[in-house]
Amino acid sequence: MTTKPLLLGSDIFGHTGRASGHPLAWPKTAPTLDVIRSLDWFDPEQYLTGSKAFPRRLRAFHDQGYIDAAYDAEARQEVPPDIRLKYGLGSGDNPIFPGVIERAATACGVALKAADLLMDGGVVHSPLGGAHHVHPARAAGFGYFNDLVLGILALRDAGLTRIAYIDLDAHHGDGVEAAFAFDRNVLTLSIHEENCWPFSGTESDPSYRVYNYCVPPAFNDSEMAHLVRHAICPIVEEFAPEAIVIQAGADSLEDDLMMKLGLSNRAYFDTIDTLRHMAPRIWVTGGGGYNPWAVARCWAGIWCVLNDRDPGGAPAVAGEQGIIDGVLQWPTVCDPPENWLSTLADDPRPGDIRDCVKQATKTLLHS
Ligand SMILES: [Zn+2]
């Protein structure tokens with residue numbers, strides 16, 4: 001059994017070309033890894049890199065025609081109108097630019113490597129990837145190949161029969177849910193902002209182990225702790241998973257510039273600190289997140305938690321240049337307040353636990 005948590009990345013995520021001004025363009029992974037590497041207790045032997053998944057591995061989930069169209073689009077740097085309509089490639093949410101498909105395939109290769117590394121147990125953090133919206137033959141939500149589904153399928157192929165997928169991203173994890181909606185061996189649970197794209201995830205089906213929590217704007221740390229205690233923990237405990245996969249999209253943070261939820265990153269840290277003790281295999285990925293400072297601090301802080309370290313005691317400033325390099329390529333970001341440079345951990349953002357949150361918890365537990 002692996003003793004130390006492993007950090008998985010790939011150099012390609014620091015060097016791929018990008019579409020100007022698009023949220024997908026911002027290199028979230030490289031600044032996160034820079035911050036983590038700057039922590040004085042970081043052991044370089046914990047860092048591994050993954051390589052691109054071959055198309056035949058992608059076929060475990062994706063249609064051959066879609067895979068061919070994606071690679072063709074990247075090669076030509078253009079997408080015919082019929083292909084755009086059929087597969088979502090080249091649309092506003094899923095632009096085609098140099099390296100984009102290679103990068104998506106690399107995230108899948110990293111996911112497959114994570115599954116391999118977890119065979120005998122352990123903890124893996126791969127802050128790239130987390131493309132939870134992608135379907136077998138459709139790009140969606142800035143995603144082209146579904147690394148999460150491929151990783152979970154690899155765990156299933158290895159013989160695991162109880163895998164819990166917990167989605168903390170502000171958007172519903174629709175692609176992953178659809179992939180396993182009728183597979184009782186994979187539990188999916190998503191917490192997401194109500195009335196937001198992709199406008200799914202409004203219902204649960206406990207008989208198939210599908211759980212969804214739509215939460216209101218300004219969703220706070222106290223409300224998240226309530227959900228964890230009264231819904232997530234009982235559901236996961238009853239399932240007794242052999243592995244937990246956590247999509248830690250960072251757009252549920254108060255500091256996110258696109259979504260309207262109100263969590264501090266301590267809510268992520270506390271949730272993951274709880275979940276990591278509930279299965280012998282833990283795989284944490286990235287996901288959405290539209291404030292590069294907040295993303296890098298959150299995901300680097302998660303790495304601290306997975307290593308029994310307090311993110312509040314880890315200065316962020318050592319990785320400042322890595323974050324700034326990313327910010328400079330994403331011009332909509334504001335000037336960072338002082339605490340974004342001085343610590344990885346936010347101040348807690350507690351608040352009232354609103355009736356809608358309490359009610360959602362009760363409804364599911366009693367269904
Ligand atoms: Zn999101």
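1. Arg-276 is buried, at 15% relative accessibility. In this predicted model, Arg-276 forms a salt bridge with Asp-308, and the closest N and O atoms are 2.6 Å apart. Arg-276 sits in the loop between H9 and strand E8 (281-285). Asp-308 sits in the loop between helix H10 (292-306) and helix H11 (320-327). The pair therefore ties together parts that are 32 residues apart in sequence. Asp-308 counts as exposed, at 61% relative accessibility. So the bridge joins a buried arginine to an exposed aspartate.

2. Next, Asp-346 and Arg-297. Their side chains meet in a salt bridge, 2.8 Å from N to O. The pair links distant parts of the chain, 49 residues apart. Asp-346 is in the loop between H12 and H13, while Arg-297 is in helix H10. Both partners are buried: Asp-346 has a relative accessible area of 2%, and Arg-297 has 1%.

3. Arg-349 pairs with Asp-255. This salt bridge has its closest N and O atoms 3.6 Å apart. Arg-349 lies in the loop between helix H12 (338-342) and helix H13 (355-365). Asp-255 lies in the loop between strand E7 (243-247) and helix H9 (265-275). Parts that are 94 residues apart in sequence are therefore tied together by the pair. Arg-349 is partly exposed, with a relative accessible area of 23%. Asp-255 counts as buried, at 14%. The cut-off for buried is under 20%, so Arg-349 falls outside that class.

4. Which residues are linked in a network of salt bridges? They are Asp-255, Arg-297, Asp-346 and Arg-349. The network thus takes in the pairs Asp-346 with Arg-297 and Arg-349 with Asp-255. In total, the structure holds 10 salt bridges. Side chains of opposite charge can pair when their charged atoms come close.

5. Now the metal site. Which residues coordinate the zinc ion? Asp-169 (OD), His-171 (ND1) and Asp-251 (OD) do, at 1.9 to 2.1 Å. The donor residues follow the spacing D-x1-H-x79-D in sequence. Water is not among the atoms, so the site may look incomplete.

6. Are the zinc ligands Asp-169 and His-171 buried or exposed? Asp-169 is buried, with a relative accessible area of 1%. His-171 counts as buried too, at 9% relative accessibility. Both values are under the 20% cut-off.

Key
Residues are numbered from 1 along each chain as its sequence is written. This is a predicted model: local features need pLDDT of at least 70, side-chain atom pairs count only at pLDDT 80 or more; totals for chains, interfaces and linings use all residues. Side-chain values use heavy atoms; hydrogens and water are left out. Donors are N, O and S atoms within 2.8 Å of the metal (3.2 Å for Na, K and Ca); water is not among the atoms, so sites may look incomplete. Buried means under 20% relative accessible area, exposed over 50%, partly exposed in between (1.4 Å probe, protein chains only). A salt bridge is a side-chain nitrogen of Lys or Arg within 4 Å of a carboxyl oxygen of Asp or Glu. Helices (H or I, at least four residues) and strands (E, at least two) are DSSP runs, numbered from the N terminus.
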